[in-house]
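Me: I would like a close look at a single part of this model, with attention to how its charged side chains are placed. Please take one site and work outward from there.

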Amino acid sequence: MALIERIITVYNDKGSKQAVKDVNKLEKSFAEAGKKIAKAFLVAGAAAGALAVKIGKDAVQAAIADQKSQILLANALRNTVGATDESIFAAEEYISAMQAQFSIADDELRPSLAALAAVTRDLGQAQAIQNVAIDVAAGTGKDLAAVTNAMVKAYQGNIGALRRLNVPLDDSIIKSKDFQGAMISLSKTFAGAGAASADTFEGRMRGLSLAYGEIIEQLGYALIPVLSDFANVIRAEVLPVLQSFIENNKEGIAQGLRDGIDAVIGITKALAKMFKLIADNTGALKVFAGIIVGTFVGTKVAAGIQLIAAGIAGLI
């Protein structure tokens with residue numbers, strides 16, 4: 001506004017010159033502001049790029065781990081219960097439902113189900129036992145793997161393994177090795193514990209984290225084919241060229257490496273000799289240092305005396 005006033009109301013040489021100065025100042029301000037804005041956008045862009053790379057990396061790693069977990073379960077079910085593709089698909093649907101209901105990671109549920117299926121040789125029975133294991137784990141604070149391991153041992157006849165979970169069991173069940181009775185007792189004692197745990201604030205936060213993890217896994221599954229194609233290009237086109245280059249130039253590359261290593265060895269030996277010389281002549285070096293210091297101090301003192309003498313001579 002001040003600029004406009006100077007041009008319109010004070011239209012003279014002085015006002016014009018001041019207006020030019022104002023314009024130049026304004027231009028400089030805009031330029032500085034532009035640089036700051038550009039820098040801010042550059043920083044923001046770099047941060048966004050780094051975040052995108054990290055998310056992509058995490059997504060692929062999560063998808064790889066999930067894929068491995070699924071393959072291992074499928075293989076175990078085929079070997080132990082003769083599962084078909086349809087029953088394996090149904091088992092995965094069951095795993096997804098358990099994860100959503102009880103906020104337990106599918107990477108925990110799959111090994112548990114595989115272990116129970118291996119001893120029961122029946123997928124339906126394994127799932128029923130796992131439902132009890134989920135409640136017992138929530139009720140005792142034990143992890144699902146530990147509870148599953150105890151139930152596998154109990155199914156095999158070692159009912160006492162359940163006692164080590166600090167769960168109440170009648171002595172008659174232990175003595176008779178009544179696995180079915182133990183399951184009935186535990187299912188009554190811990191009924192609803194898994195659902196109650198999932199409904200706590202901690203459980204809801206755990207469920208939220210798992211839901212986010214599932215989204216990341218899906219992103220990873222979408223990226224895997226792209227990375228697979230990239231790996232195929234590297235394997236088919238880049239590695240052969242690199243191998244050919246090394247094969248044709250291996251002597252030169254080896255000689256270059258030898259020269260570099262020899263240079264490092266030479267420097268190391270020279271340093272070792274220098275440090276040994278210093279160690280062997282510590283006394284002489286101290287005397288030499290003393291001479292230098294003494295000479296320097298003596299020179300300064302002599303110069304001082306000469307100045308004093310000259311001053312006295314001037315007075316006389």
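What follows is one request about a single residue and one connected reply.

Me: Where is D135 placed, is D135 buried or exposed, and which residues does D135 touch? Please set the answer beside the salt bridges found elsewhere and the helix that comes before.

Reply: The model is a predicted one, and the values below are computed from its atoms. D135 sits in helix α5, which covers residues 123-140. The residue is buried and takes part in no salt bridge, the nearest side chain of opposite charge being that of R206, 11 Å away. Because a salt bridge requires the side-chain nitrogen and the carboxyl oxygen to be within 4 Å of each other, a separation of 11 Å leaves D135 without such a partner. What the side chain of D135 does have is a polar atom 2.8 Å from the backbone nitrogen of G194. When residues up to four places away in sequence are set aside, D135 touches F190, A191, G192, A193, G194 and A195, and G194, which supplies the backbone nitrogen just mentioned, is thus one of the residues in that list.

The helix that carries D135 can be described in its own right. α5 has 18 residues and reaches 25 Å from its first C-alpha to its last, close to the 26 Å expected at 1.5 Å a residue. Its buried residues are L123, A126, Q127, I129, Q130, V132, A133, I134, D135, V136 and A137, a list in which D135 stands directly between I134 and V136. At the N-terminal end, α5 is capped by D122, with a side-chain oxygen 3.1 Å from the backbone nitrogen of G124. Just after α5, G141 adopts a positive phi of about 80 degrees.

Before α5 comes a loop that joins it to α4, and R121 is placed in that loop. R121 has a positive phi near 60 degrees although it is a residue other than glycine, and its position is just after α4. Most residues other than glycine have a negative phi. With a relative accessibility of 52%, R121 counts as exposed. A second residue with this feature is N166, again not a glycine and with a positive phi of about 60 degrees; N166 is found in the loop between α7 (160-163) and α8 (171-176), and its relative accessibility of 63% makes N166 count as exposed.

Helix α4 offers a useful comparison, for it holds charged residues that are buried and paired. The side chains of R110 and D106 meet in a salt bridge, with 3.5 Å from N to O. The two are four residues apart in α4 (residues 106-120), and therefore separated by about one helical turn. An α-helix has 3.6 residues a turn, so residues three or four places apart point the same way. R110 counts as buried because its relative accessibility is 3%, and D106 likewise counts as buried, at 7%. The two also belong to a network of salt bridges that links D66, E92, D106, D107 and R110. D106 and R110 appear among the buried residues of α4, which are D106, L109, R110, S112, L113, A114, L116, A117 and T120. The end C-alpha atoms of α4 are 21 Å apart, in agreement with the 21 Å that its 15 residues should span at 1.5 Å a residue. Set beside this helix, the buried D135 has no salt bridge, whereas the buried D106 has one with R110.

Salt bridges also occur at residues that are not buried. R78 and D85 are joined through their side chains at 3.0 Å, N to O; R78 counts as partly exposed at 40% relative accessibility, while D85, at 54%, counts as exposed. R204 forms another salt bridge, with D199, where the closest N and O atoms are 3.9 Å apart; R204 is partly exposed at 44% and D199 exposed at 54%. A search of the whole structure finds seven salt bridges.

As for the setting of these parts, the protein chain has 12 helices and zero strands. Of its 316 residues, 23% count as buried, and D135 is one of the buried residues. Among contacts between residues at least 6 apart in sequence, 56% join residues at least 24 apart. The accessible surface of the chain comes to about 21100 Å², of which 66% belongs to carbon and sulfur atoms.

Conventions. Residues are numbered from 1 along each chain as its sequence is written. This is a predicted model: local features need pLDDT of at least 70, side-chain atom pairs count only at pLDDT 80 or more; totals for chains, interfaces and linings use all residues. Side-chain values use heavy atoms; hydrogens and water are left out. Buried means under 20% relative accessible area, exposed over 50%, partly exposed in between (1.4 Å probe, protein chains only). Lys and Arg count as positive and Asp and Glu as negative; His and the chain ends are not counted. A polar contact is a pair of N or O atoms within 3.5 Å; within protein, one must be able to donate a hydrogen and the other to accept it, and residues adjacent in sequence count only if both atoms are side-chain atoms. Contact means heavy atoms within 4.5 Å. Accessible areas come from the Shrake-Rupley method with a 1.4 Å probe; for residues, only the protein chains shown count as cover. The expected span of a helix is 1.5 Å times one less than its number of residues.
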